[in-house]
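Work through the following exercises with the coordinates open. Each task is followed by a solution in steps.

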Amino acid sequence: MGLRFGGDLPKQFLPLGGKPVIRHSLAAFDANNFVDKIIIVAPAQFWDACRDMGISKLSQVVEGGKTRKQSVAAGLTHADGGLVLIHDAARPFVPLAQTEALLEAAHSHGGATLATPATDTLKIADNYMGVDKTLERDRVFAVQTPQAFQADVLKKAHALDINDAYDDCQLLEYIGIKPRLIMGDPINIKITHPMDLEIAEIILAKRSKTDE
């Protein structure tokens with residue numbers, strides 16, 4: 001829903017380089033040889049727009065839920081067995097080079113996610129009331145998507161009576177599975193605030209020049 005971004009239009013459908021943000025994500029998976037079909041989870045009022053984006057591997061567009069967990073579960077009901085990739089549409093720069101490693105790790109271990117080492121010092125606190133603990137930065141990673149899973153394992157995790165989770169890897173942790181980490185890419189940013197969209201325009205422009 002992109003509530004943190006603000007505005008009337010969800011951030012996934014805002015223009016980036018003249019195309020909706022989600023179109024960049026979809027095009028990357030459409031061109032990926034490891035992807036057989038694509039399922040989009042989106043509000044009903046955007047279904048036609050999603051179908052008109054020229055994505056050849058698009059299988060279905062389905063209604064999401066009130067939470068991330070509910071939305072992923074809605075997509076999973078239409079997923080076959082084997083392996084699935086879960087991706088945030090607000091991440092337009094999908095690192096295709098890591099897809100194979102993600103899927104291989106998920107096949108062997110149940111689940112895997114892209115992640116980058118933390119570069120900032122991270123602290124646990126109750127809002128701004130004071131620091132409770134400083135984390136060991138060498139053991140902290142910033143998680144990205146796509147994340148890869150054995151479909152049956154992820155469905156089992158989603159069957160748990162848990163209202164929500166930060167991501168799908170957290171659900172696997174609840175059933176005793178430790179998802180593997182695959183090195184991510186700092187360029188794989190998530191558009192959360194207006195400034196992120198400006199940064200994405202710069203990245204896209206530099207990429208376009210490199211491709212010329």
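**Exercise 1: a salt-bridge network**

The side chains of Asp88 and Arg68 form a salt bridge with an N to O distance of 2.9 Å; the term denotes a side-chain nitrogen of Lys or Arg within 4 Å of a carboxyl oxygen of Asp or Glu. The model is predicted: local features need pLDDT of at least 70 and side-chain atom pairs pLDDT 80 or more, whereas totals for chains, interfaces and linings use all residues. Residues are numbered from 1 along each chain as its sequence is written, and side-chain values use heavy atoms, with hydrogens and water left out.

Task: Locate the two partners, Asp88 and Arg68, and state which residues the shared salt bridges join into one network.

Solution.
1. Asp88 lies in the loop between β5 and α4 (99–109), and Arg68 in helix α3; the two are 20 residues apart. Helices (H or I, at least four residues) and strands (E, at least two) are DSSP runs, numbered from the N terminus.
2. Asp88 is buried at a relative accessible area of 13%, while Arg68 is partly exposed at 23%. Buried means under 20% relative accessible area, exposed over 50%, and partly exposed in between (1.4 Å probe, protein chains only).
3. Asp88 also meets Arg91 in a salt bridge (3.4 Å, N to O), and Arg91 is buried at 9% relative accessibility.
4. Through shared partners, Arg68, Asp88, Arg91 and Asp168 belong to one network.

**Exercise 2: another salt bridge**

Task: Describe where the partners Asp80 and Lys37 lie in the chain.

Solution.
1. The structure holds five salt bridges, one of which joins the side chains of Asp80 and Lys37 at 3.4 Å, N to O.
2. Asp80 is in the loop between α3 (68–76) and β5 (83–86), and Lys37 in the loop between α1 and β3; this pair links distant parts of the chain, 43 residues apart.
3. Asp80 is exposed, at 52% relative accessible area, whereas Lys37 is partly exposed, at 32%.

**Exercise 3: the aromatic pair**

Task: Classify the geometry of the pair formed by Phe13 and Phe46.

Solution.
1. There is one aromatic pair in the structure. Rings of Phe, Tyr and Trp (its six-membered ring) pair if their centres lie within 6.5 Å; planes under 30 degrees apart count as stacked, over 60 as edge-to-face and the rest as tilted.
2. Phe13 and Phe46 are 4.2 Å apart centre to centre with 15 degrees between the planes, and the pair is stacked.
3. Phe13 precedes β1 (15–16) and Phe46 sits in the loop between β3 (38–41) and α2 (47–51), so the pair ties together parts 33 residues apart in sequence.
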